[in-house]
Amino acid sequence: MHMHTCMPTHPMLAELAPGAMRLSLPLLLPLLGAWAIPGGLGDRAPLTATAPQLDDEEIYSVHMPTHLRCDACRAVAYQMWQHLAEAEAKLHTPESGRRRELSESVYTDVLDRSCSQSWQGYGVREVNQVKRLTGPGLSKGPEPSISVMVTGGPWPIRLSKTCLHYLGEFGEDQIYEAHHQGHAALEALLCGGSRGACLEEASITREEL
């Protein structure tokens with residue numbers, strides 16, 4: 001697994017390394033379990049970030065842990081939608097005046113590629129003592145000032161298997177039809193419904209309350 005520390009760019013750091021938003025800590029975090037920024041950047045108290053403490057299911061299970069399945073489903077919906085939108089954009093020309101639809105063979109291939117990708121941009125971090133998947137399409141509200149994300153390991157394989165599961169459950173035709181209605185409609189198809197992963201998460205939250 002790999003660990004990355006994410007934090008907003010300080011003006012001083014922006015001058016030294018424009019666009020640098022992520023610091024990789026491959027060796028220190030496993031040894032120290034935390035990372036701190038000294039108070040040298042102004043008079044603010046040091047910022048600290050602790051690496052997520054993963055349990056046995058999160059480390060060893062071949063399946064996506066139950067409490068992360070809603071995030072995983074949302075990530076899959078986003079990637080399917082993005083891959084299809086990018087493929088359609090390649091067919092669009094100013095003369096056509098409207099979006100051109102993909103043929104069945106093309107959108108089938110695009111959806112397969114959305115599942116077989118590397119998924120390297122995704123990982124797990126802990127915010128307010130709650131572990132969540134993080135990555136493209138999963139932002140919810142304000143980002144924490146500093147956090148540690150664990151990437152690699154079993155997460156890419158789990159996301160790929162989750163993607164293939166939804167592809168098999170709903171089929172390419174139904175997924176592409178939902179895609180025409182927008183990202184929200186595709187996410188609702190995959191993750192909503194009476195047995196959807198995000199509905200299950202809501203039920204678990206209500207039970208905890």
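## Leu133 and the nonpolar core

Leaving out residues up to four places away in sequence, Leu133 touches Met64, Leu68, Asp71, Ala72, Gly123, Val124, Leu138, Trp155 and Leu159. The model described here is a predicted one, and the contacts of Leu133 are a useful place to start reading it.

Leu133 also belongs to the largest nonpolar core, which has 37 residues, and together with Met80, Leu159, Ile175 and Leu190 it touches the most other members of that core. Helices α4 (69–91), α5 (104–116), α6, α7 and α8 each supply at least two residues of this core, and among the contributors α4 gives the most, with 10 residues.

## The strands β5, β6 and β7

Strand β5 covers residues 123–127 and strand β6 covers residues 130–134, and the two pair in the antiparallel sense over 5 bridges. Within this pairing, Glu126 has Lys131 in β6 as its bridge partner. The hairpin of β5 and β6 has 2 residues between the strands, and in this hairpin Asn128 takes a positive phi near 55°.

Strand β5 also pairs with β7 in the antiparallel sense, here over 3 bridges, and Gly123 stands opposite Thr151 in β7. In a regular strand the side chains alternate between the two faces of the sheet. In β7, Ser147, Met149 and Thr151 lie on one side while Val148 and Val150 lie on the other, and with all of them buried, both faces of the strand are covered. Counted along the strand, which runs over residues 147–151, 5 of its 5 residues are buried.

## Ser160 in helix α6

Helix α6 spans residues 155–180, and Ser160 lies in it. Ser160 counts as buried because its relative accessible area is 18%, and the cut-off for a buried residue is under 20%. Apart from its neighbours within four places in sequence, Ser160 is in contact with Cys115, Ser116 and Trp119.

## The largest pocket

The largest pocket holds about 410 Å³ of space. It is lined by 19 residues, of which Arg69, His165, Tyr166, Glu169 and Ala197 are the closest to its centre. The elements that give two or more residues to this lining are α6, α7 (183–191) and α8 (197–208).

Which element gives the most to the lining of the largest pocket? That element is α6, with 7 residues. By residue type, the lining of the largest pocket divides into 6 nonpolar, 7 polar and 6 charged residues. Helix α6 thus appears in two settings, since α6 supplies at least two residues of the largest nonpolar core and also contributes to the lining of the largest pocket.

How values were computed:
Residues are numbered from 1 along each chain as its sequence is written. This is a predicted model: local features need pLDDT of at least 70, side-chain atom pairs count only at pLDDT 80 or more; totals for chains, interfaces and linings use all residues. Side-chain values use heavy atoms; hydrogens and water are left out. Helices (H or I, at least four residues) and strands (E, at least two) are DSSP runs, numbered from the N terminus. Buried means under 20% relative accessible area, exposed over 50%, partly exposed in between (1.4 Å probe, protein chains only). Contact means heavy atoms within 4.5 Å. On a 1 Å grid over the protein atoms alone, a cavity is a set of points where a 1.4 Å probe fits but cannot get out, and a pocket is an open set with protein on both sides within 12 Å along at least five of seven lines; lining residues have an atom within 4 Å of a point. Grid points are joined across faces, edges and corners, and a volume is the space filled by probe spheres set on the points. Ala, Val, Leu, Ile, Met, Phe, Trp, Tyr, Cys and Pro count as nonpolar, Asp, Glu, Lys and Arg as charged, and the others, Gly among them, as polar. A nonpolar core is a set of buried Ala, Val, Leu, Ile, Met, Phe, Trp, Tyr and Cys residues joined through side-chain atoms within 4.5 Å. Two strands pair if DSSP finds at least two bridges between them.
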